[in-house]
Number of protein chains: 2
Amino acid sequence: MASPAKSFVEVGSGNHFPLENLPYGVFRPSEGGDPRPGVAIGDLVLDLSVIAAAGLFNGPLLSSSTCFSQASLNAFMALGRPAWKEARATLQKLLSVDEPTLRDNAPLRAKAFFPMSEVKMEVPAVIGDYTDFFSSKEHATNTGTIFRGPENALPANWLQIPIAYHGRASSVVISGTDIHRPRGQTTPPTGEKTPGFKPSGLLDFELEMAIFIGPGNELGSPVTVENAADHIFGFVLMNDWSARDIQKWEGVPLGPFLGKNFGTTISPWIVTLEALEPFICEAPVQDPAPLPYLTETKRTSYDIPLQVAIQPEGETKASVVCRSNFKYLYWTVSQQLAHHTINGCNLRSGDLLASGTISGPEPGSLGSFLEQSWAGTKFISLEHGGTRKFIQDGDDVIMSASCQGEGFTVGFGECRGKVLPCKPY
Amino acid sequence: MASPAKSFVEVGSGNHFPLENLPYGVFRPSEGGDPRPGVAIGDLVLDLSVIAAAGLFNGPLLSSSTCFSQASLNAFMALGRPAWKEARATLQKLLSVDEPTLRDNAPLRAKAFFPMSEVKMEVPAVIGDYTDFFSSKEHATNTGTIFRGPENALPANWLQIPIAYHGRASSVVISGTDIHRPRGQTTPPTGEKTPGFKPSGLLDFELEMAIFIGPGNELGSPVTVENAADHIFGFVLMNDWSARDIQKWEGVPLGPFLGKNFGTTISPWIVTLEALEPFICEAPVQDPAPLPYLTETKRTSYDIPLQVAIQPEGETKASVVCRSNFKYLYWTVSQQLAHHTINGCNLRSGDLLASGTISGPEPGSLGSFLEQSWAGTKFISLEHGGTRKFIQDGDDVIMSASCQGEGFTVGFGECRGKVLPCKPY
Ligand SMILES: [Ca+2]
Ligand SMILES: [Ca+2]
Ligand SMILES: [Mg+2]
Ligand SMILES: [Mg+2]
Ligand code: NI
């Protein structure tokens with residue numbers, strides 16, 4: 001591999017956003033102003049609306065596009081991989097240490113760069129539909145064992161179908177948004193008929209990753225597993241907050257609803273497939289072989305180490321409670337996409353498809369407190385003191401991910417959210 | 001009640017769209033042009049963008065609003081009931097036989113009116129999220145009996161929770177859109193491990209009604225059952241197409257997905273609560289009493305007779321296969337809305353909340369073929385010849401609804417869709 005690319009913007013060692021990454025997001029400057037697309041470089045955000053207005057996206061596909069003067073990335077997502085590659089090449093050149101155009105234009109630099117610590121990140125796309133998969137075999141086995149016992153752990157369909165359900169798009173929020181503990185109905189106490197009604201006592205996180213859809217497909221026309229990657233713009237981290245007591249009582253027969261739809265947090269920077277290329281790895285062997293429409297000639301995934309930490313109210317240190325990896329997932333994103341559309345279902349640019357909780361086979365790799373506490377039957381010790389079975393008020397739940405390249409890091413930043421007490425009602 | 005209001009637009013006896021109705025939709029003129037809001041009157045559509053441009057929405061809430069120059073009704077929906085009442089009063093006056101403003105302005109009339117038969121109707125709102133409830137006790141009991149046996153017919157939570165799941169917004173289509181039979185996995189044949197994979201053999205309709213949300217609520221702030229009606233813009237008919245074989249194999253443990261999300265058809269005209277006021281009736285008594293957050297001081301519903309007919313390919317007559325009524329629903333829309341938000345989930349203007357299949361206690365009132373054929377164990381005879389257990393290719397499924405007032409009809413028009421063969425893949 002070539003030696004790390006160098007930008008005139010300083011990028012410290014271990015920084016998540018070197019020239020090799022260039023993830024996309026949508027931000028507002030601290031002094032106000034409309035949301036606009038940006039790209040992360042080191043500790044700065046480059047305002048793509050300024051770069052576009054300066055005529056610096058001068059390739060054939062983007063020179064007359066208005067996609068960077070929008071308040072969301074949907075238009076850019078819809079353009080597809082050739083335009084994404086052109087944008088990446090333009091930005092890598094513009095930001096390179098050897099390229100004077102932006103480097104030596106102080107007035108433009110002053111308009112185009114913002115300190116990352118001072119901008120307000122926004123949900124980067126208008127999410128038409130959000131789908132949550134259930135693609136970790138370890139997670140499905142663990143939750144199946146907890147809820148139905150070891151003999152029926154894996155649902156009958158699980159090895160054939162990348163199972164999924166539709167989640168709520170309206171309550172997808174950006175990292176840093178506080179989450180109020182939800183209130184709701186819970187299973188009636190033994191011998192009683194009236195359900196409980198209270199703030200959830202079993203609030204949990206789910207460590208997930210999610211893709212944003214690039215070009216969509218027409219209603220009635222499936223995307224094949226081999227073409228699926230062309231429809232994937234990039235990845236973010238996701239916390240699928242889950243109220244286990246509400247989820248359990250409501251969930252049969254139509255699946256998760258109020259136990260999930262009170263909030264779903266995503267990280268703000270969308271890391272592209274191009275940036276993740278150095279981290280391609282083999283996907284798990286599938287046995288039994290899936291049906292032909294789910295069969296990939298080459299099964300690949302990404303080696304993305306993931307971490308979850310909890311920082312209780314008033315503590316200065318976060319305690320790591322989970323180390324997992326995207327590569328553990330049994331069903332790949334291409335299989336998810338092929339399955340999602342096999343009945344003709346149409347995806348649209350900006351749609352969000354989440355992986356499901358990413359648990360692994362290693363000790364310490366369980367992606368939810370439900371699994372770690374085995375449904376609340378045992379305590380989890382926090383490294384910096386205290387114990388948990390589920391999330392307490394004041395806990396900041398911090399997910400992060402980074403891939404170590406040769407001399408550079410491709411990271412996702414953080415996906416965090418603090419749990420506040422249930423609001424009076 | 002006063003004698004029927006009269007418009008200078010001719011409205012034939014039994015026409016669904018007299019001056020008492022004035023439902024809202026979004027249409028394109030046949031000669032092309034952008035989608036714009038309209039209102040139905042008799043056999044005509046009144047272009048609200050033309051009326052607004054002419055300055056005829058001159059009340060205090062709408063005179064400076066741009067809501068009628070949008071391609072969707074979301075902005076108008078967001079304004080809330082006072083603005084809706086103002087628009088209704090303005091339109092009832094403008095269209096009245098005694099009011100010369102529009103009646104005697106031939107050039108304006110020529111620009112503002114379109115024959116309904118010549119316009120192309122569109123989905124009337126950008127639907128951020130679509131939720132499908134399960135609020136008919138008869139439907140829940142029937143499907144529960146079919147799938148789990150009579151002893152476990154009604155799920156344990158059903159009498160306490162207006163059960164719902166999130167559906168797919170992208171595939172909500174307008175009446176008249178053809179639906180391709182979906183393809184997908186089905187339960188492995190007895191003794192085998194490999195699932196089936198084929199065009200659905202058990203394609204069904206579900207007779208439903210759905211509300212569009214007016215003003216939304218903030219994430220974290222529930223809507224009370226008493227305030228719920230302020231958030232409801234109006235009603236449409238809905239066919240929740242369902243592939244029973246796909247649904248059955250995929251549905252445990254996370255609920256319906258590909259068995260439903262290949263298409264959901266709605267009728268184009270949104271009938272307001274104001275138009276439905278004459279048809280308010282009592283809602284069913286609930287036993288056990290629901291929890292306080294679902295308790296209404298006065299339980300009302302709407303008496304809306306509903307009908308489903310099937311017109312097979314090449315036939316000239318449609319055979320009625322179901323006569324039901326909205327009033328049969330056990331959970332009211334206000335209860336649905338209060339439940340949907342009790343955990344803090346945010347609704348947005350333009351969201352679609354469907355009732356679930358509306359089956360009733362009367363013979364002939366079962367709102368799906370699944371129930372009518374009792375899971376395919378018996379044939380349904382069509383009045384004009386032929387039998388069905390499920391929908392066949394070429395069948396046009398036609399839902400309609402109208403309420404008979406004293407000397408006028410408030411109708412919904414039709415919600416129809418023809419099933420085409422599964423597309424080659
Ligand atoms: Ca999840
Ligand atoms: Ca339904
Ligand atoms: Mg969630
Ligand atoms: Mg449907
Ligand atoms: Ni035909």
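Here is a walk through this structure, from its paired chains down to a metal site and a small sheet. This is a predicted model, where local features need pLDDT of at least 70 and side-chain atom pairs count only at pLDDT 80 or more, while totals for chains, interfaces and linings use all residues. Residues are numbered from 1 along each chain as its sequence is written, chains are lettered from A and ligands numbered from 1 in the order in which they are written, and side-chain values use heavy atoms, with hydrogens and water left out.

Let's begin with the two chains. A turn of 180° and a shift of 0.0 Å along the axis lay chain A on chain B with an RMSD of 0.0 Å (a least-squares superposition on the C-alpha atoms of residues with pLDDT of at least 70 in both). That is how a two-fold axis relates copies. In chain A, A:Gly255 has the C-alpha nearest the axis, 2.2 Å from it. Both copies use the same surface: 98% of the contact residues of chain A recur in chain B, contact being heavy atoms within 4.5 Å.

Next, chain B and its metal. The calcium ion (ligand 2) is coordinated by B:Asp132 (OD), B:Glu206 (OE), B:Glu208 (OE) and B:Asp240 (OD), at 2.2 to 2.3 Å. Donors here are N, O and S atoms within 2.8 Å of the metal (3.2 Å for Na, K and Ca), and water is not among the atoms, so sites may look incomplete. Along the chain, the donors follow the spacing D-x73-E-x1-E-x31-D. B:Glu208 sits in strand S13 (residues 207–213) and B:Asp240 in the loop between strand S14 (232–239) and strand S15 (242–243), so this pair, 32 residues apart, links distant parts of chain B. Strands (E, at least two residues) and helices (H or I, at least four) are DSSP runs, numbered from the N terminus. Both B:Glu208 and B:Asp240 are buried, meaning under 20% relative accessible area with a 1.4 Å probe, protein chains only.

Now for a sheet in chain B. Its 5 strands form an open, antiparallel arrangement in the order S4-S3-S2-S1-S5; two strands pair if DSSP finds at least two bridges between them. Strand S4 (113–115) and strand S5 (120–122) of chain B are at the edges with a single partner strand each, so one side of each has no neighbour in the sheet. Within the sheet, 4 bridges join S1 (residues 24–28) to S2 (residues 36–41) of chain B, and B:Tyr24 has B:Val39 in S2(B) as its bridge partner.

Note on methods. Buried means under 20% relative accessible area, exposed over 50%, partly exposed in between (1.4 Å probe, protein chains only).
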